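Visitor: I'd like a quick walk through this model. Can we start with one helix and work outwards?

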Amino acid sequence: MSSPSQPLPTAPPADSKPPRVRFWMVCVAVLVLAIPLQLLVDAGLYSDVLNPYYLHLLTVIGMNIILVASLNLLNGYLGEFALGHAGFMAVGAYTAALLATKVLPGAAAMPPVIGTVLILLVSLGGAMIASAGVGYLIGLVTFKTVGDYLAIITLGFNMIIVNAIQNIEFVGGPRGFTGIPKNTNFVAVALCVLLTIGVLRNLIQSTFGRVWLSIRENAIAAELMGVSIPKAKNWAFTIAAAFAGLAGGLWAQNQQFITPRSFDYSKTTEILVMLYLGGMASLSGSILGVVAYTVLMELLRNLLSTFAPQLAEWRMLISPLILIIIMLTRQTGLLGNREWSWLRPKQGA
Amino acid sequence: MALRITELTKSFGGLTAVAKFNLALGERDLQGIIGPNGAGKTTVFNLITGVYTPDSGQVLLGEQDTTRLPSDAIARAGIARTFQNIRLFAQMSVLDNITMALHAHAGYGLLDATFRTATFRREEARLLTESRDHLARFGLLDRQHEQAGSLPYGEQRRLEIARALATGPKVLLLDEPAAGMNPREVEELIQLIRQVHQDFPLAILLIEHQLPVVMELCREVQVLDFGQTIASGGPRDVVRNPLVIEAYLGEEEAPA
């Protein structure tokens, strides 16, 4: 922004006074917190306060932010209703698992950090490419489909992926894929979250984002302004799938064990709940929605297991209940389509 | 010749919506299509812009045959339009409505946008400047940060015309731009269209229900009724044509 003494008539007045938090500042802050935290937990210091469980929770939050933010591209910005996000995640998770265990085990013999980083980069890159490829195909198949039809097709795709993996003995079939090395930690996940949010923000605030929004707002007008809707939609599906694949790749190398059923439509539903809780077409909302949902669910888990262990399983009823309450009372989610200043464009558009 | 249409025909089931429609729209020409409700006027626009595919006939934009191209390709070839029921990107800002229209001239790719390269920053700044200049020409600059859907009706019309012009068309199709306007707004609209016709190097084809607009602006007018052209010529001659009076004016004593 320009200096406050020189008011620009074009800038919105609310933005011109306080010094703006910028994206790079958030990146620095996250890493300054994440790296020492990881080191302390790894070293087992202050373990009464820095419980590894909290770090695990933060890691889960990070992976879910990647999933929700990328689904937001389709459901929030493009205005579609895609129901297969866990399917893309599965493609990424199994690709990364295969790359890490069957293709690249030799890299483990390299010096510890270098070997892990190499495996991580290759496996996550591979996961993103594989998911992006599947996303591109889905985009091709559905290029003329909108609304309910697209929802059903993507849901069907999710089921196909899960059922297909269950029948592939090579990756463990229904028993799941075991023995994946734990190549990720909280720092790696945090870096991936920052990458995802940064890239999505950049795209949304470019001509690509404006075109996606215009399709959501009025597809006919967008088309008659020269937008090739199949092409724009295909890009959105490819990019969203790539990041879902990234989350899957992280997930596999964090849990060390994946089963097809962890990527079925109930995972998709969970991603949807967090998305709607936070707010559509808002990356800030995606972050907030994931944090709020995860913290709420963990609190419930602790409360129930402490005070009413016989009700512990009822926790899973809460998530659909939240969705119903949001839809009835606050359809725009916690944040609507507002953004925190560090996710807004520089020129105050 | 900016736009030449020959024998354009479209039927829906047994109903012929447009029958053998012909048009010769010269460079920087301004012509009108009038006719009672359901005469097929908007269908002509939908055929030109590829929303419907014609059964037969041909549309030539300059030298290029656009008859069977998809809508987006026709738009990129240089035909822009507005809609009878305004179709703005309501929840986008006024500025973004215009900047979006420049998407074909963005001058950067997906990777540039992903990593905010120097090319991206330069081109994006250019797009914003062009958009703001464009808004200023239409007196909408002070509205740039408002949601397009929150503008008053007359300004929404103006923004829609501005957005269509931002694509840099060779032919502009205006579908009932004065619909729902009061006499003062209609007067402003006539001024606006006249100004656009003067300032931009393009030809305009106008569908209108309100005769004053057509009478004041159009060099030549065609009258459609039940998909047929029943008269054409200078606006003053056309409205005296008994066929037209019977089909159009006789039916509606006071055109809405």
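Visitor: Which residues are exposed on the other side of H5(A)?
Guide: Bear in mind that this is a predicted model: local features need pLDDT of at least 70 and side-chain atom pairs count only at pLDDT 80 or more, while totals for chains, interfaces and linings use all residues. Residues are numbered from 1 along each chain as its sequence is written, and chains are lettered from A and ligands numbered from 1 in the order written. A residue is exposed if 12 or fewer other C-beta atoms (placed from the backbone) lie within 10 Å of its own, buried if 20 or more do, and partly exposed in between. On the other side of H5(A), the exposed ones are Asp148(A), Tyr149(A), Ile160(A), Asn163(A) and Ala164(A).

Visitor: How wide is the arc that the buried residues of H5(A) cover?
Guide: The buried set is Leu150(A), Thr154(A), Phe157(A), Asn158(A), Ile161(A), Val162(A) and Ile165(A). They sit on the same side of H5(A), because the arc they cover around the axis (taken from the directions from the helix axis to the C-beta atoms) is only 125°.

Visitor: Which helices do those buried residues of H5(A) pack against?
Guide: Helices here are DSSP runs of H or I with at least four residues and strands are runs of E with at least two, numbered from the N terminus. Contact means that two C-beta atoms, placed from the backbone, lie within 7 Å. For the buried residues of H5(A), the partners in chain A are helix H3 (85-103), helix H4 (112-141) and helix H10 (265-278).

Visitor: And how far does H5(A) reach from its first C-alpha to its last?
Guide: H5(A) runs over residues 147-166, 20 residues in total. The expected span, 1.5 Å times one less than the number of residues, is 28 Å for H5(A). The model comes close to that, with a reach of 29 Å.

Visitor: How many of the 14 residues of H10(A) are buried?
Guide: The buried ones include Ile271(A), Leu272(A), Val273(A) and Met274(A), along with Lys267(A) and Glu270(A). They pack against helix H2 (52-77), H3, H5, helix H11 (283-307) and helix H12 (315-329) of chain A. H10(A) is largely enclosed by the rest of the structure, because the buried count out of 14 is 11.

Visitor: Which residue just after H10(A) takes a positive phi?
Guide: H10(A) itself agrees with expectation: its end C-alpha atoms are 20 Å apart, and its 14 residues should span 20 Å. Just after H10(A), a positive phi of about 130° belongs to Gly279(A).

Visitor: Is Gly179(A) buried or exposed?
Guide: Gly179(A) sits in the loop between H5 and H6 of chain A. Its C-alpha is 17 Å from that of Ile165(A), 14 residues away along the chain. Since Gly179(A) has 10 C-beta neighbours inside 10 Å, it counts as exposed.

Visitor: Zooming out, what is the radius of gyration of chain A?
Guide: Chain A has 12 helices and 0 strands. The globule rule (2.2 Å times the number of residues to the power 0.38, with the radius taken over C-alpha atoms) gives 20 Å for its 349 residues. Chain A comes close to that, so it is as compact as a globular protein of that length, with a radius of gyration of 21 Å.

Visitor: What share of the residues of chain B count as buried?
Guide: Chain B has 10 helices and 10 strands. Its C-alpha trace spans about 65 × 40 × 30 Å along the principal axes. Of its 256 residues, the buried share is 48%.

Visitor: Which helix gives the largest share of the side of chain A that touches chain B?
Guide: In this pairing, 25 residues of chain A are in contact with 31 residues of chain B. Helix H6 (186-204), helix H7 (207-217) and helix H8 (219-224) of chain A each give two or more residues to that side. The largest share, 7 residues, comes from H7(A).

Visitor: How far apart do the C-alpha centres of domain 1 and domain 2 of chain B lie?
Guide: The bounds, which come from an automatic or database domain assignment, put 1-78 + 169-256 in domain 1 and 92-168 in domain 2 of chain B. 13 residues of domain 1 are in contact with 10 residues of domain 2. The C-alpha centres of these two domains of chain B are separated by 27 Å.
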